[in-house]
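Please open the model in a viewer and keep the selection tool at hand. The tour below proceeds from one selection to the next and describes what is found at each stop.

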Amino acid sequence: MSDNSNLNPIHLNNDVSQVDSSSLSRPLSPDVGTSDEELLSLLQTSSSRTSKYDTNNANAEILEYVRDDRILAIGVGGAGSNAINNIIERGGIGGATTIAINTDARHLLNTKAEKKLLIGKELTRGTGAGNDPNIGHAAAVENEEEIRELVRGTDLVFIACGLGKGTGTGAAPYIAKIAQEEGCLVISVCTLPFASEGESKMRTALRGLQELNRHSNTIIIVPNEKLVLEAADFSVLDAFEMADEVLINAVVGLTDVIVETAKINVDLADTKKILRNSGPAVISIGKGKGENRALDAVNAVLTNSMLEADISKSTGALVNIKANKKITTMELEAITNEITSRIAPDALFIWGLSIDDTMADDELFVTVVIAEVDSPYLELEEDETTIEDLWYN
Ligand SMILES: Nc1nc2c(ncn2[C@@H]2O[C@H](COP(=O)(O)OP(=O)(O)OP(=O)(O)O)[C@@H](O)[C@H]2O)c(=O)[nH]1
Ligand SMILES: [Mg+2]
C-alpha cells in the first residue's frame, strides 16, 4: 500500500469531480509560453518572428480539439523534453497538448512540443540548472504564474522527467504542486538514474522522488538501471532508448487508457477515482497474436518486469483492450477475469475497448495500469541508500 500519510492536504482535497462545473466548462486559459524567438534571442542568434504563444500554426487547431479533453503532457528538463519529442515523432498523444518546460534555452529551442516555457530566465539566463535541484526549484518559483496559467482549467496533467540532475528534480515537484493547487489530477512519470551516473545523482534523484510523490496523485517510476540489467547486450545509447521507450509508453499508454475508457463505457470521474489517491502505480503493455491472442497478451502484461511490485493489494486497475472489430466477448472476459483475479477482490476495476480496424485480425493489445502498489523505491532513505542497495539487492 502506498503511504498515505505523506499526502499533504492539497492532495487529499484534490477531488476533481468536486470542482464546480462552471470551472470545468471554462476554456483553457490564454496561452502562456516561451516562443522560439525569445529562446533564440537569449542564445543571441537572429530569427524571424513567430507567434508568442504557439510553436507552430497547427497548435491553434490542436488546442481547439483538446479543449474538450483538457489533458496536458508536460516534459520537464532534458529527459522530460526528450520524452515529449519522441512522443511527437511518433504521432503525438491523442487528446493531449504537449508542453516542454526547461531552464536550458538551447535544449528547449530544439524540442518539438506544442508549447514551450523557459523557466528561471533571471536566474540562469537560459543556461540550465547545472545539476542543482535548488536552481531547478527556484526557476519554477520564478515562473510560478506562467506555470499556473498553463495548467489552469486542465483536468489531467502528466509530468515526465528524469530525476538526478537540476531541472527535472527541482522543478517537476513544484510544477506538480502548482497543478494540484489548480485542481488538476497529477500523474508523474519519472526515471531514476543509471548506476554509472554515480551515487550523488542517485541521492539527488531519491530526494526528488519523495518530493514528486508528495505532489502527485499517481506516480510511475521507471528504474533505468533495472531495465538494462535485464537486457543482455546494450550500449549507452540503447540504454537511454530503452528507458525512453518505457517513459513514452507510460505516458502514451496511460493517456490512451484514460481517453479510450472514457469514450466507451466509463465516466472520466471513475477513472479519476482510481488515479486520485493511487500513489505509486505500474503500467504494462502486452501484445498477443494468433489463436490465443487474448491470454497471450494478458500474460505478457502480467509477467512484465515493471510489475515487480506487489499488485495483489492494489485498490484499482484501469485496462484498455485494443483490437479490430472481430474481438469476441469470450476474449474480453478472459482478459478481464485474469486481471481481476490478481488484484484485491474489492479493487475498483475499469476497462475499455478501443476498436482499431487498422490492426490485423489476429492481433490484440492490452494496456494495464495498476494503482496503489508497493514501490520499493519510495521506501528508501536517500541518505543511507547505496547504489548496491538500490539496484543489486
Ligand atoms: N531516458 C532518458 N533519460 C535521460 C535522458 N537524458 C537524461 N536522462 C536521465 O535523466 C536524468 C536527468 O537528466 P536531464 O533531464 O538531462 O537533467 P535536467 O533535469 O535537464 O537537469 P539540468 O540539466 O541539471 O538542468 C539523468 O541523470 C539521466 O538519468 C534521455 O534522453 N532519456
Ligand atoms: Mg538539462
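Begin by selecting Leu 39, a residue of helix α3 (residues 36-42). The model displayed here is a predicted one. Leu 39 is buried, since 24 other C-beta atoms lie within 10 Å and 20 or more suffice for that class. Show its surroundings next: leaving out residues up to four places away in sequence, Leu 39 touches Thr 34, Ala 105, Leu 108, Leu 109 and Leu 118. Of these pairs, draw the distance from Leu 39 to Leu 109: the two C-alpha atoms are 6.3 Å apart, although 70 residues separate them in sequence.

Leu 118, one of the residues touched by Leu 39, leads to strand β3 (residues 115-118). Which residues of β3 point one way, and which the other? Lys 115 and Leu 117 point to one side, Lys 116 and Leu 118 to the other, and all are buried. In a regular strand, side chains alternate between the two faces of the sheet.

Now add strand β2 (residues 96-102), where Ala 96 is found. Strands β2 and β3 pair in the parallel sense over four bridges; one of the residues to display is Ile 99, whose bridge partner in β3 is Lys 115. Ala 96 counts as buried because it has 26 C-beta neighbours inside 10 Å. Between Ala 96 and Leu 156 the C-alpha distance is 9.2 Å, with their positions 60 residues apart in sequence.

Two loop residues merit a stop. Select Arg 125 and Asn 131, in the loop between α7 (121-124) and α8. Arg 125 has a positive phi of about 55° although it is not a glycine, and Asn 131, likewise not a glycine, has a positive phi near 70°. Are these residues buried or exposed? Arg 125 is exposed, with 12 other C-beta atoms within 10 Å, whereas Asn 131 is partly exposed, with 16.

Turn to helix α5 (residues 77-89). Its 13 residues reach 18 Å from the first C-alpha to the last, close to the 18 Å expected at 1.5 Å a residue. Colour its buried residues: Gly 77, Gly 78, Ala 79, Gly 80, Ser 81, Asn 82, Ala 83, Ile 84 and Ile 87. Just after α5, Gly 91 takes a positive phi of about 105°.

Helix α11 (residues 199-214) offers a second helix to inspect. Its 16 residues should span 22 Å at 1.5 Å a residue, and the end C-alpha atoms are 23 Å apart, which agrees. The buried residues of α11 include Lys 201, Glu 211 and Asn 213 as well as Leu 206, Leu 209 and Leu 212. What do the buried residues of α11 pack against? Their partners are α8 (133-142), α10 (167-181), β5 (185-192), β6 (218-223), β7 (279-280) and α17 (387-392).

Next, display the open sheet of four strands, with the order β8-β11-β9-β10 and mixed pairing. Its edge strands, β8 (282-289) and β10 (348-355), each pair on one side only. Neighbouring strands are turned by 15° against each other on average, direction ignored. Within this sheet, strand β9 (residues 316-323) runs parallel to β10, and eight bridges join the two; Ala 317 has Phe 349 as its bridge partner in β10. Helix α15 (residues 293-303) packs on the sheet, touching β8 and β11 (363-371), and its direction makes about 150° with that of β8. Helix α16 (residues 329-340) also packs on the sheet, touching β9, β10 and β11, with its direction at about 155° to that of β9.

Finally, select the largest nonpolar core, which has 106 residues; Phe 158, Ile 159, Ile 175 and Val 251 touch the most other members. Helix α13 (residues 236-264) gives the most to this core, with 11 residues. Domain 1 (33-276) and domain 2 (282-372) both contribute residues, so the core lies between them. Centre the view on Ile 175: apart from neighbours within four places in sequence, Ile 175 is in contact with Ile 74, Val 76, Ile 101, Ala 140, Ile 147 and Ile 159.

Zoom out to close the tour. The protein has 17 helices and 11 strands, and buried residues make up 49% of its 393 residues.

Conventions
Residues numbered from 1 in each chain as written. Chains lettered and ligands numbered in written order. Predicted model: local features only at pLDDT ≥ 70, side-chain atom pairs only at ≥ 80, totals over all residues. Core = buried A, V, L, I, M, F, W, Y, C linked by C-beta atoms within 7 Å. Domains from an automatic or database assignment. Contact = placed C-beta atoms within 7 Å. Pairing = 2+ DSSP bridges. Axes fitted to C-alpha atoms, helices over the stretch in contact; angles between N-to-C directions. Expected span 1.5 Å × (residues − 1).
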